[in-house]
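Visitor: Please take one part, the surroundings of the ligand, and look at it closely before you move outward to other places along the chain. I would like each term explained where it comes up.

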Amino acid sequence: MTEFKPLVFSGVQPTGNLHLGNYLGAIRKFVALQENNDCIYCVVDLHALTAQLVHEDMATQIRSITAAFLAAGIDPKKHIVFNQSQVPQHSELAWIFNCVARIGWMNRMTQFKDKAGKDREQASLGLYAYPSLMAADILVYRATHVPVGEDQKQHLELARDIAMKFNMDFAEKIRPTGLGIDIKVGDEPVHAYFPMVEPLIDGPAPRVMSLKDGTKKMSKSDPSDLSRINLMDDQDAISKKIRKAKTDPDALPSETDGLKGRPEADNLVGIFAALADKSKAEVLSEFGGQQFSVFKPALIDLAVEVLAPINAEMRRLMEDPGHIDAVLRDGGERARARAEKTMNEVRDIIGFVR
Ligand code: TRP
């Protein structure tokens with residue numbers, strides 16, 4: 001019994017502004033993972049076409065996610081940072097996965113149902129096939145670990161189902177190539193070409209909620225810009241948004257139990273805790289009994305301290321799009337080499353002539 005070589009892969013769509021929720025929930029995790037892992041981080045521009053076909057500022061959006069990756073501390077030399085459309089092997093493997101995945105599986109995807117809305121006839125075929133492309137993103141590198149938010153869990157389960165069916169259906173063709181690995185799925189021994197990907201779900205990262213409504217997720221699609229802190233916000237904007245954030249009239253409690261039924265207080269304490277790398281309990285042991293008039297200025301100082309350097313670096317990078325493009329091109333080249341190796345093996349397993 002051997003194991004697949006650990007490899008981290010994740011993707012972020014180039015749509016809308018990145019906000020604090022994206023940073024705390026995803027990008028900061030990407031940064032931490034690169035210490036002990038081989039990592040591939042991808043700006044999934046092909047996925048961005050599924051919701052909306054024409055984007056006025058596609059290139060700027062791609063560069064801005066890339067700038068956020070770099071500004072947050074992802075090292076594009078030690079790891080790989082690139083945009084999906086530079087590696088056509090993703091789309092090619094996605095086609096094969098379209099032939100592996102069953103329509104019944106796709107019909108169960110809750111995100112498709114949410115995004116397609118009532119008029120499913122008018123949803124694009126791409127939106128329907130989105131999870132199959134996502135599986136290909138990961139498996140074209142035979143990646144094993146995928147940091148994502150809770151909302152992507154079902155898509156990763158689908159990636160496992162696709163990998164499993166491919167492994168099973170092609171079992172007799174994988175074995176003679178010597179490309180497979182004996183792994184255990186539960187207690188079952190399986191001779192696998194594709195690994196069973198493991199989600200790395202939120203963990204200690206908080207669900208960052210809207211600054212205007214503590215029951216709604218912070219979102220790039222919220223019409224009120226005051227509801228979120230964008231990574232491109234400068235010091236003044238950060239401070240204004242926190243000053244105007246919704247609160248309740250009471251002082252902060254001394255224990256986390258006291259946050260129940262107080263979604264706005266809970267959210268601000270959670271944001272403080274995440275930015276300070278502390279638990280909510282620790283934050284409350286410091287601020288319990290204090291009014292928001294004391295807590296908010298402390299939160300502003302902390303948010304500015306953590307986010308201002310990232311913001312400044314993002315702005316600096318965005319002024320040199322040529323440099324960002326060169327980083328993506330270099331990452332794309334290295335990603336392509338790895339993806340092409342997998343595709344050649346997949347072609348051999350299937351029996352395509354090459
Ligand atoms: N679906 C993911 C999201 O919206 C983005 C994504 C595309 C992704 N391909 C991926 C995430 C591969 C992880 C791995 O958040």
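Guide: A polar contact is a pair of N or O atoms within 3.5 Å; within protein, one atom must be able to donate a hydrogen and the other to accept it, and residues adjacent in sequence count only if both atoms are side-chain atoms. This is a predicted model, in which local features need pLDDT of at least 70 and side-chain atom pairs count only at pLDDT 80 or more, while totals for chains, interfaces and linings use all residues. Residues are numbered from 1 along each chain as its sequence is written, and side-chain values use heavy atoms, with hydrogens and water left out.

Around the ligand there are 13 residues (each with a heavy atom within 4 Å of it), and the closest of them are G11, Y130, M134, D137 and Q152. Three of these residues bring polar side-chain atoms to nitrogen of the ligand: an N or O atom in the side chain of Y130 is 2.6 Å from a nitrogen atom of the ligand, a polar side-chain atom of D137 is 2.7 Å from a ligand nitrogen, and for Q152 the corresponding distance is 2.9 Å. Taken alone, the ligand exposes 360 Å², of which the protein buries 88%; such areas come from the Shrake-Rupley method with a 1.4 Å probe, and for residues only the protein chains shown count as cover.

The shell can also be read by element, where helices (H or I, at least four residues) and strands (E, at least two) are DSSP runs numbered from the N terminus. At least two residues of the shell come from each of β1 (8-12), α6 (125-139) and β4 (145-148), and α6 gives the most, with four residues.

Between α6 and β4 there is a loop, and R142 is found in it. The phi of R142 is near 50°, a positive value in a residue other than glycine. R142 is also buried, with a relative accessible area of 16%; here buried means under 20% relative accessible area, exposed over 50%, and partly exposed in between, with a 1.4 Å probe and protein chains only.

Further along the chain comes helix α7, residues 153-169, and its length can be checked against the expected span, 1.5 Å times one less than the number of residues. For the 17 residues of α7 this gives 24 Å, and the end C-alpha atoms are 24 Å apart, which agrees. Its buried residues are H155, L156, L158, A159, I162, A163, F166 and N167.

From here one can move to strand β6 (residues 188-192), which contains A192. A192 counts as buried because its relative accessibility is 0%, and its C-alpha atom is separated by 7.8 Å from that of M164, although the two are 28 residues apart along the chain.

The helix α10 offers a second check of length, since it has 14 residues and reaches 20 Å from its first C-alpha to its last, close to the 20 Å expected at 1.5 Å a residue. Of those 14 residues 11 are buried, so α10 is largely enclosed by the rest of the structure; among the buried ones are L268, V269, I271 and F272. The loop between α10 (263-276) and α11 (280-287) holds D277, which has a positive phi of about 60° although it is not a glycine, and which is exposed, with a relative accessible area of 66%. K280, in helix α11, is partly exposed at 31% relative accessibility. K280 and L268 are 12 residues apart in sequence and 9.8 Å apart in space, C-alpha to C-alpha.

Three further helices complete the view. In helix α2 (residues 58-72) one finds T66, which is buried with a relative accessible area of 0%; a polar atom of its side chain lies 2.7 Å from the backbone oxygen of I62. In helix α3 (residues 89-100) lies Q89, buried at 8% relative accessibility, and the C-alpha atoms of Q89 and M232, 143 residues apart along the chain, are separated by 32 Å. In helix α12 (residues 292-318) is V294, which counts as partly exposed at 36% relative accessibility, and which is 114 residues from G180 in sequence and 60 Å from it in space, C-alpha to C-alpha.
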